[in-house]
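Work through the exercises below with the coordinates open. Try each task before reading its solution.

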Amino acid sequence: MTPRHRARAAWNAVNLATPLGLLVAAAGGARVHRGPRGLLIADGYHRLSLPPAPAFTVGNVICLRFPRERLLEDPRLLAHEERHADQWAACLGLPMLPLYLAAAGWSLLRTGDPASRNAFERRAGLADGGYREHPVRSVRALLRRSVR
């Protein structure tokens with residue numbers, strides 16, 4: 001593990017993002033394992049329906065609804081989720097939650113999809129995360145439709 005990975009792991013622990021991730025993993029019934037570069041991989045997340053994604057990251061904890069071997073065999077998806085761990089650190093931990101929700105809401109408004117125009121998903125790599133980019137809808141047309 002490089003000094004950068006150690007710093008990210010320490011910062012996400014101190015800013016409470018990784019402890020929150022461990023709580024979410026436990027609530028979802030996941031088993032936590034050590035992963036590469038200071039990440040923790042929690043597979044078997046099945047008790048909770050939210051978030052609906054097959055994989056998501058909270059702090060340095062990657063929660064999976066599928067076996068961890070699949071993540072470890074997919075370097076693009078692993079890199080996508082690792083970028084989210086970086087984002088948790090950059091957002092100082094828990095402020096990431098409302099920021100991410102706002103970005104997902106904006107994307108939903110603009111495209112009908114919570115990921116396509118979500119700045120966090122775009123910076124983590126849409127294709128790497130298995131997302132498809134949806135076209136942007138006109139805000140003017142959306143407003144016109146909502147007024148009717």
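The exercises cover helix packing, backbone geometry and exposure in this predicted model.

**Exercise 1. Helix packing**

Task: Classify the packing of helix 1 and helix 4 by angle, then give the handedness of their crossing.

Solution:
- Locate the elements. Helix 1 spans residues 3-14. Helix 4 spans residues 75-90.
- Take the geometry. The two axes lie 9 Å apart, at an angle of about 55°.
- Apply the cut-offs. Angles under 35 degrees are roughly parallel, and 65 to 115 is roughly perpendicular. The angle of about 55° fits neither class, so helix 1 and helix 4 are oblique to each other.
- Add the hand. The crossing of helix 1 and helix 4 is left-handed.

**Exercise 2. A surface patch**

Task: Which residues form a nonpolar patch on the surface with Val-14, and how much accessible area do they have together?

Solution:
- Name the members. Trp-11 and Leu-92 join Val-14 in the patch.
- Give the area. Together the three have about 320 Å² accessible.
- Place two of them. Val-14 is in helix 1. Leu-92 sits in the loop between helix 4 and helix 5 (96-111).
- Check exposure. The exposed class starts over 50% relative accessible area. Val-14 has 60%, so it is exposed. Leu-92 has 53%, so it is exposed as well.

**Exercise 3. Backbone outliers**

Task: Describe the phi values of Leu-16 and Leu-92, and the peptide bond from Leu-50 to Pro-51.

Solution:
- Start with Leu-16. Its phi is positive, about 75°, although the residue is not a glycine. Leu-16 belongs to the loop between helix 1 and helix 2 (17-27).
- Classify its exposure. Partly exposed lies between the 20% and 50% limits. Leu-16 has 47%, so it is partly exposed.
- Return to Leu-92. This non-glycine residue also has a positive phi, about 65°.
- Turn to the peptide bond. From Leu-50 to Pro-51 the bond is cis, with omega near -15°. Pro-51 is in the loop between strand 2 (40-43) and strand 3 (55-58).

**Exercise 4. A loop glycine**

Task: Is Gly-29 buried or exposed, and how far is its C-alpha atom from that of Arg-137?

Solution:
- Place the residue. Gly-29 is in the loop between helix 2 and strand 1 (31-34).
- Apply the limit. Buried means under 20%. Gly-29 has 14% relative accessibility, so it counts as buried.
- Read the distance. The C-alpha atoms of Gly-29 and Arg-137 are 38 Å apart, with a separation of 108 residues along the chain.

Notes:
Residues numbered from 1 in each chain as written. Predicted model: local features only at pLDDT ≥ 70, side-chain atom pairs only at ≥ 80, totals over all residues. Heavy atoms only, no water. Patch = residues over 30% accessible without salt bridge, like charges linked within 9 Å, V, L, I, M, F, W, Y side chains within 5 Å. Areas by Shrake-Rupley, 256 points an atom, 1.4 Å probe, with all protein chains shown as cover. Salt bridge = Lys/Arg side-chain N within 4 Å of Asp/Glu carboxyl O. Helix = DSSP H or I, 4+ residues; strand = E, 2+ residues; numbered from the N terminus. Buried < 20%, exposed > 50% of the residue type's maximum accessible area, 1.4 Å probe, protein only. Axes fitted to C-alpha atoms, helices over the stretch in contact; angles between N-to-C directions. Parallel < 35°, antiparallel > 145°, perpendicular 65-115°, else oblique. Left-handed = near helix turned anticlockwise from the far one by under 90°.
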